[in-house]
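Visitor: I'd like a close look at one part of this protein, if you have a minute. Let me pull it up first.

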Amino acid sequence: LFPYTTLFRSKTRITELFGISVPLVLPGMSWISTPQLVAAVSNAGGLGILASGPLNPEQTRAAIHEIRSLTDKPFGVGVTLLMPGAKENAEVALDEQVPVINFSLGKGDWLIKRAHEYGGKVIATVVSEKHAKSAEKIGADALLVTGHEAAAHGGNVTSLVLIPSIASKVSIPVIATGGFADGRGLLAALSLGAEGVAMGSRFATSADSPLHSKVKEAVIARSEQDTIYSKNFDGIPARVMRTPRSIKATRRPMNFFVASWQATKAAKLVNQPVWKIMVGMLAMMDKVKLLAYFGASVPRLQAATIDGDLEKGVQFIGQTQGLIEDVVSVDELVQRIMTEAQALHTKQAAYWADRKSTRLNSSHMPHLV
């Protein structure tokens, strides 16, 4: 058997679905996936997704307009439906007819229906087979499947198992995220059944990213061992950079009443009025504890991401931290990844071609008696 073709498959169902040229995606990361980084990824041939979490509706609309002034390529907007203000931001994205919308932590059937009316596509972020099948059933066009290795809120199962498991059980294309940062990872993801990869940590540490330079330097200095996966930071199992501050922050859950107070104080940091945060918490009493912890994490995340203060702040980062060794532009990074994937593919193809040739030649050799 000859398992490799001589040409690397850079065109996939994901590139065809979104009209992009390389199967690489920038996920929506708060304070990082800004219009500039989104446009840089889209201009390089991938799909950039704006993080709308820290924005109010007016800012979301302005950000969409800014992206369109920076690129004429497809892009997306990410919305975390559980959070207060997310529905309003989603409405703005729909009104602006954004090409791609990525939703998570909520039921997105209404969003899918509205996006499809103008020809938009919708990606659902999932961490389990159950949620993957549910998203496919309500009409999602693709899945962003998040493995255990990912920064922030990955699942309990590693990408090596989760990606092929879900890809084999749905008919819509899968984007793999969690553990992917280079050409080797892209090639591996494609072999696991994915049609592309999303690389949060790798794009976050690019030269085009607004992530503070001190944090980029910290990522380069640390290994894949230097992360913590815990639900004690913001109420949802999340992966953060291991530092003295994050060790303390994840040692035990924050007191609920302290978390609730911190959540209201953090409202202005995510451009939401306090009353809306309170109404959101009251409207979802079953999730009020989660919302409180999530809101309380905002100042710490901002301190690290924006201010570069790892003594007071906590930084979301994936295990790919151990694979990141430099800070380069998005354009150079994309070219490097695609070139590396092609070279590895060609090397494997040559190996198997040589094996096949050797077997054929040996089969014609006379047998010695």
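Where is threonine 320 found, and in the loop between which helices?

Guide: Happy to zoom in, with one caveat up front: this is a predicted model. Threonine 320 is found in the loop that runs between α15 (298-305) and α16 (330-363). Being in a loop doesn't put threonine 320 out in the open, though: its relative accessibility is 5%, and because buried means under 20%, threonine 320 counts as buried. As for what surrounds it, leave aside residues up to four places away in sequence, and threonine 320 touches Gly179, Phe180, Ala181 and Ser201.

For a contrast, try another loop residue. Valine 157 is in the loop between β6 (142-146) and α7 (159-167). At 35% relative accessibility, valine 157 counts as partly exposed. Val157 also belongs to a nonpolar surface patch, together with Leu160 and Val161. The accessible area of those three together is about 260 Å².

Now step back to the whole chain. The protein has 16 helices and ten strands. It has 369 residues, and 52% of them count as buried, threonine 320 being one of the buried ones. Look at contacts between residues at least 6 apart in sequence, and 63% of them join residues at least 24 apart. On the outside, the protein exposes about 16,800 Å², with carbon and sulfur atoms supplying 57% of that area.

Methods
Residues are numbered from 1 along each chain as its sequence is written. This is a predicted model: local features need pLDDT of at least 70, side-chain atom pairs count only at pLDDT 80 or more; totals for chains, interfaces and linings use all residues. Side-chain values use heavy atoms; hydrogens and water are left out. Helices (H or I, at least four residues) and strands (E, at least two) are DSSP runs, numbered from the N terminus. Buried means under 20% relative accessible area, exposed over 50%, partly exposed in between (1.4 Å probe, protein chains only). Contact means heavy atoms within 4.5 Å. Accessible areas come from the Shrake-Rupley method with a 1.4 Å probe; for residues, only the protein chains shown count as cover. Patches are made of residues with over 30% relative accessible area and no salt bridge: like charges are joined within 9 Å, nonpolar side chains (Val, Leu, Ile, Met, Phe, Trp, Tyr) within 5 Å. A salt bridge is a side-chain nitrogen of Lys or Arg within 4 Å of a carboxyl oxygen of Asp or Glu.
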